Amino acid sequence: MSVMADDRAAFAALKAGLDVRAAGLIVAVSPQAFSSGFAGLDRALGGGFPRGTLATLEGAASSGRTAILAGALAQATSRGLAALVDDGSVYPPDLERAGVQLERTLIVAAQTPLEIARCADILLRSRAFAVVAMPATPLRATVWSRLCGLAQKSGTILFVLGLHASTELAYFASTRVRCAIDRVLWSGKSGVLCELAGYELNAHVLKHRRAAPGATARLHIVDERIGHAAALRPRSDVSPMRSAAGHPVGRTGSACG
Amino acid sequence: MLADKPDRGRIIEVDPAAHELGARIGHTVLQARAAAGGVHVLVHDAARSSAVWSDMLDALDSVSPLVDDSGEGTAYLDMRGIGGDASQWIARALQALQGFDLPVRAVVGPNKFVARALTYASDGRIDPLPIEVLELEPRAVERLHLLGVRTLEELARLPHGPFVRRFGKAAAAWHDRARGVDPTPFRPRAHELQIDAAAYGEGSAEQEEQVLFALRVLADRVCNDLARAGKAAGMVRLTFECDNGDVREFDSGFAQATGDARTILDVLRAKLESVTFSSPVTGLRMQVMRLEECGALATLFGQNQADPQALAVALARLEAATGSTPHRAHTRPAPRLEGRFAYDAFTVAQRCQAEVAQRCHPEVSKGVPQLRLLTVREIDVTIRGNAPVSVHEKRVIDCAGPWRVDDGWFDTPTVRDEYDVLLEDGMLCRIYRQGKHWYLRGAYD
């Protein structure tokens with residue numbers, strides 16, 4: 001009888017563990033996966049962004065791509081170095097508030113597509129950075145192929161941020177995530193006392209070579225200095241939810257970040 | 001007369017003739033010229049003097065291996081164990097400095113003070129010299145004069161104990177020196193180690209491969225010398241001499257000092273990637289400009305550590321590719337957005353390495369709305385009751401602000417009102433009004 005009781009207890013413990021895991025409280029991150037810093041997005045990606053690949057973060061100017069990138073950079077700089085190819089749009093104070101350690105983040109200024117590609121090439125070849133981020137630029141397929149190969153050799157994740165991926169880039173990208181802000185959260189009524197507290201965004205996995213695509217994660221990007229997400233509400237009835245460049249947004253509600 | 005600066009300088013040295021005419025040390029050039037009209041004024045060139053003095057010390061190395069540099073104009077040589085007598089030593093020293101065409105006085109003494117004092121003595125004795133050769137403070141000299149002590153002999157005759165009790169601790173050294181005793185240690189100057197290698201051939205290199213081959217040979221030679229000296233290179237200077245007489249120099253610094261030929265070669269190749277020469281290369285010289293102690297940081301369990309050598313190569317390549325130094329950002333408080341961050345050069349800092357040991361693992365990132373700076377451009381904004389209602393004919397759905405930014409009152413005053421606006425197309429941006437004009441500053445992303 002005691003043996004049977006032990007078996008039942010063990011089974012119950014195992015089941016409870018599986019239930020907890022299934023409930024999404026634990027995210028199993030494989031060693032090959034790089035956590036994005038957002039549990040919901042990690043689940044949608046099947047553990048995180050695969051190392052040594054090219055990943056795109058696509059969306060319009062206000063879509064939350066940079067917030068996701070900041071999360072990944074924070075993860076990368078907590079363990080090693082990260083690099084950003086900057087086209088002049090980087091605002092370091094916000095990156096720092098997102099947890100990015102600026103002293104471990106190399107920022108290299110580049111303007112032309114050729115310069116940007118060359119910088120990314122050098123950064124990937126050094127094998128010194130866990131994450132390299134660059135803006136999406138019109139480049140030939142051979143260049144993307146080369147960058148993709150270098151990322152694979154170095155085990156670095158190359159993030160490419162842009163409105164949408166070109167055909168060549170879409171082909172070589174292992175992971176494509178489309179972002180769109182769903183609701184904007186404000187800390188108060190209109191006027192001087194009001195501040196932008198954050199937003200809720202949908203991150204839709206358009207493509208994933210190592211997991212099923214189509215999942216969508218809903219992420220809460222809220223500045224803790226200003227307020228907690230629970231206490232914030234969008235002020236207006238109009239939701240600026242949009243799908244950049246007319247791409248359909250996939251199934252929603254599969255995971256929450 | 002010697003002046004420190006050409007126009008508004010002061011006289012720092014006068015010769016006896018000028019002194020006779022009334023010029024004094026400390027006069028302005030104008031005063032000195034007024035006092036001694038016909039006397040020529042020379043301007044002291046500190047850099048050139050220092051270079052000449054350094055050459056003179058190098059020349060004295062041929063007389064004795066131990067040379068104590070006591071500042072420009074005075075050097076002591078340790079002649080113990082060197083063959084010859086005093087007169088031969090002096091002759092050798094004078095011969096070594098003959099080429100400089102400068103007045104030189106050389107004497108032999110048992111210690112540094114006596115040797116220096118003897119340069120003022122005509123009869124080879126220090127006793128009759130005035131106490132000023134002790135280089136005392138004017139007040140101390142005055143007190144000694146009041147006591148009737150004017151020469152070293154008179155000072156040496158005083159009893160040591162009572163003299164020290166009366167004049168204080170420092171007086172012990174004065175009294176000792178007056179008696180010809182000087183315990184000041186002899187400090188030989190350090191010989192600067194130079195490591196370089198050069199290649200000059202009869203022909204010239206027109207192909208890139210030829211230059212790279214020569215570079216590889218030189219890097220190997222330099223690294224062998226570095227290994228023998230137990231040093232590493234912090235910076236390397238590469239000098240190219242071209243057929244048309246052009247000489248071009250390239251300095252390459254390393255994030256971490258290295259003695260590895262491969263690394264040096266990689267960095268130099270990266271540095272030379274965008275360089276073209278107008279004529280064939282006839283000579284090549286590689287010189288180590290900054291020698292550092294050898295040894296690399298050893299980290300156990302540092303799987304995530306970046307390889308400093310690889311990083312150094314990447315930094316050099318990036319610099320060559322973009323023409324600017326890769327940088328890292330740091331933040332600072334400032335009223336304006338643009339002033340809240342600054343950049344400095346990215347280096348492999350110790351801090352960066354050390355912090356990895358106490359790294360943190362943020363399980364969940366702190367999501368923060370990220371502002372992306374856009375090129376500032378003027379925009380059309382319609383306002384109602386001081387709040388924007390449309391931007392470029394797009395309706396403003398939500399708006400926060402204004403926040404007044406008042407900056408630069410001491411230099412270029414900037415007063416502007418900033419707003420965060422959400423437009424009907426979903427664009428969430430930071431705009432501001434400065435005067436009567438509205439500008440777009442960035443978009444939240």
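## Exercises on a predicted two-chain model

Strand 6 of chain B and strand 9 (residues 281-293) of chain B pair in the antiparallel sense over 6 bridges. The model is predicted, and the exercises below begin with the sheet that holds these strands.

**Exercise 1.** Determine in which order the 4 strands of the open sheet of chain B are arranged, and which strands stand at the edges.

*Solution.* Step 1. The order of the strands in this open sheet of chain B is 6-9-7-8, with antiparallel pairing.
Step 2. Strand 6 (196-205) and strand 8 (247-258) of chain B each have a single partner strand, so they stand at the edges and one side of each lacks a neighbour in the sheet.
Step 3. Direction ignored, neighbouring strands of this sheet are turned against each other by 15 degrees on average.
Step 4. A particular bridge can be located between strands 6 and 9 of chain B: D196(B) has Q287(B), in strand 9 of chain B, as its bridge partner.
Step 5. Helix 10 (residues 208-229) of chain B packs on the sheet and touches strand 6, strand 7 (231-242) and strand 9 of chain B. The direction of helix 10 makes about 160 degrees with that of strand 6 of chain B.

**Exercise 2.** State whether strand 11 and strand 18 of chain B are covered or in the open, and identify their partner strands.

*Solution.* Step 1. Strand 11 (residues 341-345) of chain B has 5 residues, of which the number buried is 0; it therefore lies largely in the open. A residue counts as buried here if 20 or more other C-beta atoms lie within 10 Å of its own.
Step 2. The partner of strand 11 is strand 10 (residues 327-331) of chain B, joined in the antiparallel sense over 5 bridges. Within this pair, H327(B) is bridged to A345(B) of strand 11.
Step 3. Strand 18 (residues 437-444) of chain B, by contrast, is mostly covered, with 6 of its 8 residues buried.
Step 4. Strand 12 (residues 371-379) of chain B pairs with strand 18 in the antiparallel sense over 6 bridges, and R372(B) has A443(B) as its bridge partner.
Step 5. Strand 17 (residues 428-434) of chain B also runs antiparallel to strand 18, joined by 6 bridges; here I431(B) is the bridge partner of L440(B).
Step 6. Strands 17 and 18 of chain B form a hairpin with 2 residues between them, and G435(B) in the turn has a positive phi of about 65 degrees.

**Exercise 3.** Describe how helix 5 of chain A and helix 12 of chain B are oriented to each other, and classify the residues of their contact.

*Solution.* Step 1. The axes of helix 5 (residues 113-126) of chain A and helix 12 (residues 308-322) of chain B come within 9 Å and cross at roughly 170 degrees.
Step 2. Angles over 145 degrees count as roughly antiparallel; the two helices are therefore roughly antiparallel to each other.
Step 3. The residues that meet include R118(A), I122(A) and L123(A) from helix 5 of chain A, and L311(B), A314(B) and R317(B) from helix 12 of chain B.
Step 4. By class, the residues of this contact are 9 nonpolar, 2 polar and 3 charged.

**Exercise 4.** Establish how many residues each chain gives to the contact between the chains, and which element of chain A supplies the largest share.

*Solution.* Step 1. Chain A gives 67 residues to the contact and chain B gives 56 residues.
Step 2. On the side of chain A, helix 3 (65-77), helix 4 (92-97) and helix 5 are among the elements that each supply at least two residues.
Step 3. Helix 3 of chain A supplies the largest share, 7 residues.
Step 4. The side of chain A that touches chain B has 34 nonpolar, 18 polar and 15 charged residues.

Note on methods: Residues are numbered from 1 along each chain as its sequence is written. Chains are lettered from A and ligands numbered from 1 in the order in which they are written. This is a predicted model: local features need pLDDT of at least 70, side-chain atom pairs count only at pLDDT 80 or more; totals for chains, interfaces and linings use all residues. A residue is buried if 20 or more other C-beta atoms lie within 10 Å of its own, exposed if 12 or fewer, and partly exposed in between; C-beta atoms are placed from the backbone. Two strands pair if DSSP finds at least two bridges between them. Axes are lines fitted to C-alpha atoms, for helices over the stretch in contact, and angles run from 0 to 180 degrees between N-to-C directions. Angles under 35 degrees count as roughly parallel, over 145 as roughly antiparallel, 65 to 115 as roughly perpendicular and the rest as oblique. Two residues are in contact if their C-beta atoms, placed from the backbone, lie within 7 Å. Ala, Val, Leu, Ile, Met, Phe, Trp, Tyr, Cys and Pro count as nonpolar, Asp, Glu, Lys and Arg as charged, and the others, Gly among them, as polar.
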